[in-house]
Structures are given as C-alpha cells and as structure tokens.
There are 2 protein chains.
Amino acid sequence: MPASRPLRADARRNREALLSAARQAFLSGDTDAHVEDIARSAGVAVGTFYRHFETREALMEEAYRKEVDVLCAAPVALLDQHAPDEALRRFLLLLVDHAAVGKGMSGVLEGIMATDSPVFDDARTRMAEALSLLLEAGSAAGTVRDDVTGSTLLRALGGVCGMRATEGWLVEARQITALLFDGLRHGAPQSP
Amino acid sequence: MPASRPLRADARRNREALLSAARQAFLSGDTDAHVEDIARSAGVAVGTFYRHFETREALMEEAYRKEVDVLCAAPVALLDQHAPDEALRRFLLLLVDHAAVGKGMSGVLEGIMATDSPVFDDARTRMAEALSLLLEAGSAAGTVRDDVTGSTLLRALGGVCGMRATEGWLVEARQITALLFDGLRHGAPQSP
DNA sequence: TCCATAAGGTGAGTCTGGTTCCGCTTACGT
DNA sequence: ACGTAAGCGGAACCAGACTCACCTTATGGA
C-alpha cells in the first residue's frame, strides 16, 4: 500500500501547485475559493484537480495538515519545558495564534473543532489526543481538574476559532482561553 | 413601516405553513432541508416561498426567532429569582438544554454564536446583550470577573452548540459550561 | 534512440440546489 | 358582481461541485 508507484514528475508538480494555490487562497481568507479558481491559478484544469483530490474538502484537509501537525506536536515539547498547567496554558494560546495566521486557518480550525464533518475526523482525533496529553499530565500533577476530556476541551475551543476578522478578536480570543484555563484549574483536586 | 397592509388571508396561511414546515424539518435534525422540500411539504411552490422569505437562510432565522426570544428573555427572570452568579449558571445550562431541543436548534445556535453570518446578526446582538446583563449583575455583586463581555462569552459558547448527536454530548456540554462558569468566577475580585 | 503504454491532463457536460420571473389566479373592497 | 392589487406556480436560470470519454506525454525497456 505505501507508494504504489512513485508518481510521475508532472503529476507531482501539479499536485504541489494545487496545494500551494489552495494554501495561498485559504490563508488569504478566501475559505470558500472555487475549485475552478484554485485549479486555474495552479495552471491546470478541474479534471486534474479531481485526479489529485477526492473532493474540495479533501484538499482543505490536506492543505492544513501541515499546520495541524505542528500544533499536535507542540504538547510534547511544551510538557518537556514547563509544568503541566503552564504547558496547557501555552498550548491554548498557541492555538489562538495559529487561528490568527489567516482568516482561513481559523475557519479550518473551526471545522476541526466545532463540526462533525468527517473531513476533519483525523485532525480532530489527533488534536483531541494532544489536549488529552496535557490534561492528563496536569491532573496527574494535581493542578488541573480531572473530569474534562481532550475532546470536551476541543469542543469548548470551537467558538474561539470560529471568530474571524472581528475588530479586536485576538483580545477576545485570549480572554476566552484565559477563562477556560481558569476554569480548568478551578476544579483541580486541591483548590476548590 | 409597521403593517404596511394586513397581509391577505391566504398569504398569512401560507407563510405560517412554510414556517411550521421549516421548524418541523429543522428541529428533526435536517438543518439543510432543501427549499423545494420545505415548500412542497407546506403545500406551496418555491415561488411562494420566495415571496415570503428573502432567502433560505432568512427562513432559518425566522424559524428560530421564537426560540431565541425565549432564551433572551430568560436572564431578566433569572436575575429576579437568583443571585447573579447563580442566574448566570442557570442561563448557561438553559442554553445547553435549548441546544438539546433538536439537532437543528443546536445548528442554529452555532450559527448565531460561532459565525459572522449576517443572517444571525440580530439574534447574535440580542443574545450578547442578554449575557451582558448577567455578567454585569455578577460583576457588580463581585461574584463574577469583570473583564469579560457578553459577546466574548457568546463566542466561547459557540463550540458547545456546535456539538450534535455525538454519544453523550449532553454530558460534555454541561462540563464545558461548568468549565466556563468556574472560569468566570475564578477571576472575580475577591476570590483569586 | 525510439516506441508502447499506462499514467496523467483536459474541459465540456452533468447534477444538484438555490433564486428569479412572468403570466395566471384569487381575495377583498367598492 | 367586478376590478385590481396581492398572491401563486413552476419552468427557466444560474452557480458551483463533480464526472467522463478522449487526448497527451513521461518513462522504462528494446
């Protein structure tokens, strides 16, 4: 199953072009760029697009996989550097910053977190696991409540990432994460 | 501008039929029922549909206005009966229960809270005001932090309402509101 | 070097679903 | 009754995702 065949040179080129055209469009805020436009600006026809990507949404997932990878890798590194609760706090802020990368990214994060769209199943699962890691470390250390799962927290973050382009949204987003973070500590074994 | 003319009898009948067909469909989970289906099951043609509603989305807003009204009215009553923080807590749970009414309702609440769709501008504003009322009462009483606005909290609730039909989502939703509630109290003047 | 051939590309066409438009119908005031 | 403005129907239109039958070309072996 891995690399059934190495993919022809022109094919790889086109695939790459499509992906980068998509990233370009999405990051610049045009989350619902038309397939035809993406294809054209990659210099290919729609048929070619569909040779490489199952559907329009599949492309979106692919386009953002890199970002999601970065995000999902963060917890391990953070836990290495900081106490669990601090690591959690930093991760939440990281999430917000990523949502800030471009209006598009925030749309995708929203798709990941706030919907059930099967397109983002994979990303959602990995993200929930990343959060679980942090929560478990925190609750083991007794600084974070232990009755919240990664997927619950993921859900709770959905709204944050849905915020786009509103005046001063970054401030709001930071406040929300602060709110959640305080809530997470509030119920911790020793504090209430 | 008010009642430019009392609307002909058959027209009112049809409008009502459309609205109720839509509510029926939406509440039973089919948030993206087709205009044609709604029209048919109301016993009219699409043309009639568009005589009464600007767009498909406009219908959705209309269909849920009643629910939103109920929700927005709650804070006043709650503040009458309970201390501000308790009123806030109850309101958050009320929101969750409303989202539970039907998969459709939760979709709409999500639309209200987690997007910028102009369709829900009105509902969003009113909801934010309702939350502000509670937050202000709470912060005046010193039991709730004072650095969070209604619209911020609204955003924070976005994810909750986006949850649909997942096994045990109600429990998750309650946990998230508890999380937010604890976070809201955590930063209150006297407690930290 | 050249050919055979399978991988890749093309874009007109299909399909789905929202929206428009215009001619017919009907409620309702006189 | 009747005239007419308000309503209604539904075929036509349009947008945008996706398909398919056919053409083009990279590539590996003779």
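Here are some notes on this predicted model, point by point, from the fold of chain A to the DNA strands and a few single residues.

1. **Overall make-up of chain A.** Let's start with the fold. Chain A contains nine helices and zero strands, so that its pattern along the sequence reads α-α-α-α-α-α-α-α-α. Of its 192 residues, 49% count as buried. Among the contacts in chain A with a separation of 6 or more, 66% join residues 24 or more positions apart.

2. **Helix H1 of chain A.** This helix covers residues 9-27, which is 19 residues. From first C-alpha to last, H1(A) reaches 27 Å, close to the 27 Å expected at 1.5 Å a residue. Which residues of H1(A) are buried? They are Ala11(A), Leu18(A), Leu19(A), Ala21(A), Ala22(A), Arg23(A), Ala25(A) and Phe26(A). As background for reading that list, an α-helix has 3.6 residues a turn, so residues three or four places apart point the same way. You may like to keep an eye on Arg23(A), a charged residue that is one of the buried set.

3. **Either side of H1(A).** Two backbone angles are worth a look here. In the segment before H1 of chain A sits Leu7(A), which has a positive phi of about 70° although it is not a glycine. Most residues other than glycine have a negative phi. Leu7(A) is partly exposed, its relative accessible area being 44%. After H1(A) comes Gly29(A), and its phi is also positive, near 100°.

4. **DNA strand C: the surroundings.** How many residues surround DNA strand C? The count is 20, and the closest are Arg8(A), Asn14(A), Gly47(A), Thr48(A) and Tyr50(B). By class, this surface has eight nonpolar, six polar and six charged residues. On the DNA side, 68% of the strand C atoms within 4 Å of the protein belong to sugar or phosphate, and the rest to bases.

5. **DNA strand C: individual contacts.** Two atom pairs involve phosphate. A backbone N or O atom of Ala45(A) is 3.0 Å from a phosphate oxygen of strand C, and a side-chain N or O atom of Tyr50(B) is 2.7 Å from a phosphate oxygen of this strand. A base is involved as well: an N or O atom in the side chain of Arg51(A) lies 3.1 Å from a base nitrogen. The elements giving two or more residues to this surface are H1 and H3 of chain A together with H1 of chain B. H3(A) supplies the largest share, five residues.

6. **DNA strand D: the surroundings.** Strand D is surrounded by 21 residues, the closest being His34(A), Arg8(B), Asn14(B), Gly47(B) and Thr48(B). This surface has nine nonpolar, six polar and six charged residues. Of the strand D atoms within 4 Å of the protein, 67% belong to sugar or phosphate, with the rest in bases.

7. **DNA strand D: individual contacts.** Which part of DNA strand D lies 2.8 Å from a polar side-chain atom of Arg8(B)? That partner is a base nitrogen. Arg51(B) also has a polar side-chain atom 3.2 Å from a base nitrogen of strand D. For Thr48(B), a side-chain N or O atom is 2.6 Å from a phosphate oxygen. The elements that give two or more residues to this surface are H1 and helix H3 (46-52) of chain A, plus helix H1 (9-27) and helix H3 (46-52) of chain B. The largest share, five residues, comes from H3(B).

8. **A contact across chain B.** Asp69(B) belongs to helix H4 (residues 56-81) of chain B. Its side chain makes a polar contact with that of Arg126(B), at 2.5 Å. These two residues are 57 apart in sequence, while their C-alpha atoms are 8.7 Å apart in space. Is Asp69(B) buried or partly exposed? With a relative accessible area of 33%, Asp69(B) is partly exposed.

9. **Cysteines.** Counting pairs of cysteine sulfur atoms within 2.5 Å gives zero disulfides over all chains. Cys72(A) is buried because its relative accessible area is 16%, under the 20% limit. Cys72(B), at 17%, also counts as buried.

How values were computed. Residues are numbered from 1 along each chain as its sequence is written. Chains are lettered from A and ligands numbered from 1 in the order in which they are written. This is a predicted model: local features need pLDDT of at least 70, side-chain atom pairs count only at pLDDT 80 or more; totals for chains, interfaces and linings use all residues. Side-chain values use heavy atoms; hydrogens and water are left out. Buried means under 20% relative accessible area, exposed over 50%, partly exposed in between (1.4 Å probe, protein chains only). Helices (H or I, at least four residues) and strands (E, at least two) are DSSP runs, numbered from the N terminus. The expected span of a helix is 1.5 Å times one less than its number of residues. A residue is near a molecule or strand if one of its heavy atoms lies within 4 Å of it. A polar contact is a pair of N or O atoms within 3.5 Å; within protein, one must be able to donate a hydrogen and the other to accept it, and residues adjacent in sequence count only if both atoms are side-chain atoms. Contact means heavy atoms within 4.5 Å.
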